[in-house]
Amino acid sequence: MQGSARQNADKVLRSDAKNLTDDDLLAKLRSFGIELDRPALERLCRETLSAEEIATPLLGQRTFQGRQAEMESDWIWVCLMALWQRWFPDQPCFELLDDKIEAGI
């Protein structure tokens with residue numbers, strides 16, 4: 001693969017988290033130095049309107065060396081989004097609203 005086709009193949013997608021357990025997702029966050037549990041995430045979800053809003057300051061606190069590491073950092077948002085969706089499905093979230101709009105619901 002070349003250029004953007006290769007970059008897109010390496011991109012982390014929300015669907016990549018689908019088959020991971022909650023413990024797997026929390027371990028992935030820990031691999032980025034993020035210690036989070038259900039009560040802490042619940043508090044963050046109540047204080048924000050999107051997983052991206054939670055992820056942005058967490059990303060800002062980290063330094064990524066190279067493009068691959070930066071792309072791997074997408075796991076932070078993906079893990080937060082997956083856990084939000086699983087643990088707090090009734091808590092409003094822009095990403096979930098966007099999913100419903102795209103599905104025509």
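**Figure 1. Helices H2 and H6 pack against each other in this predicted model.** The two axes lie 9 Å apart, at an angle of about 145°. The crossing is left-handed. H2 contributes Asp22, Leu25, Leu26, Lys28 and Leu29 to the contact. These residues meet Trp75, Ile76, Cys79, Leu80, Ala82, Leu83, Arg86 and Trp87 in H6. H2 covers residues 22-31, and H6 covers residues 74-87.

**Figure 2. The largest nonpolar core holds 28 residues.** Leu29, Leu41, Ile76 and Leu80 touch the most other members. Four elements give two or more residues each: H2, H3 (38-47), H4 (51-60) and H6. The largest share, ten residues, comes from H6. Leu29, Ile76 and Leu80 also appear in the contact between H2 and H6. In soluble globular proteins, nonpolar side chains tend to be buried together.

**Figure 3. Trp84 sits in helix H6 and is buried.** Its relative accessible area is 0%. Contacts beyond four places in sequence reach Leu41, Cys45, Thr48, Leu49, Ser50, Ala51 and Ile54. Further partners are Pro89, Gln91, Pro92 and Cys93. Trp84 and Cys45 are 39 residues apart along the chain, yet their C-alpha atoms are separated by 7.4 Å. One of the partners, Leu41, is among the core residues that touch the most other members.

**Figure 4. Cys45 and Cys93 are in no disulfide.** The two sulfurs are 7.2 Å apart, and each is the nearest cysteine sulfur to the other. A disulfide needs sulfur atoms within 2.5 Å, so this pair does not qualify. A search of the whole structure finds zero disulfides. Cys45 counts as buried, at 1% relative accessibility. Cys93 counts as buried too, at 7%. Trp84 is in contact with both cysteines.

**Figure 5. Thr48 lies in the loop between H3 and H4.** A polar atom of its side chain lies 2.9 Å from the backbone oxygen of Leu44. Thr48 counts as buried because its relative accessibility, 11%, is under 20%. Beyond four places in sequence, Thr48 touches Glu53, Ile54 and Trp84. Ile54 is also a contact of Trp84.

**Figure 6. Ser50 is found in the loop between H3 and H4.** At 8% relative accessibility, Ser50 counts as buried. Leaving aside neighbours within four places in sequence, Ser50 is in contact with Trp84, Cys93, Phe94 and Glu95. Trp84 is in contact with Cys93 as well.

**Figure 7. The close-ups belong to a chain of seven helices and zero strands.** From the N terminus on, the elements run α-α-α-α-α-α-α. The chain has 105 residues, and buried residues make up 32% of them. Among contacts with a separation of 6 or more, 76% join residues 24 or more positions apart. The Trp84 contacts with Cys45, 39 residues away along the chain, are one such case.

Conventions
Residues numbered from 1 in each chain as written. Predicted model: local features only at pLDDT ≥ 70, side-chain atom pairs only at ≥ 80, totals over all residues. Heavy atoms only, no water. Buried < 20%, exposed > 50% of the residue type's maximum accessible area, 1.4 Å probe, protein only. Contact = heavy atoms within 4.5 Å. Core = buried A, V, L, I, M, F, W, Y, C linked by side-chain atoms within 4.5 Å. Polar contact = N/O pair within 3.5 Å; in protein donor to acceptor, adjacent residues only side chain to side chain. Axes fitted to C-alpha atoms, helices over the stretch in contact; angles between N-to-C directions. Left-handed = near helix turned anticlockwise from the far one by under 90°.
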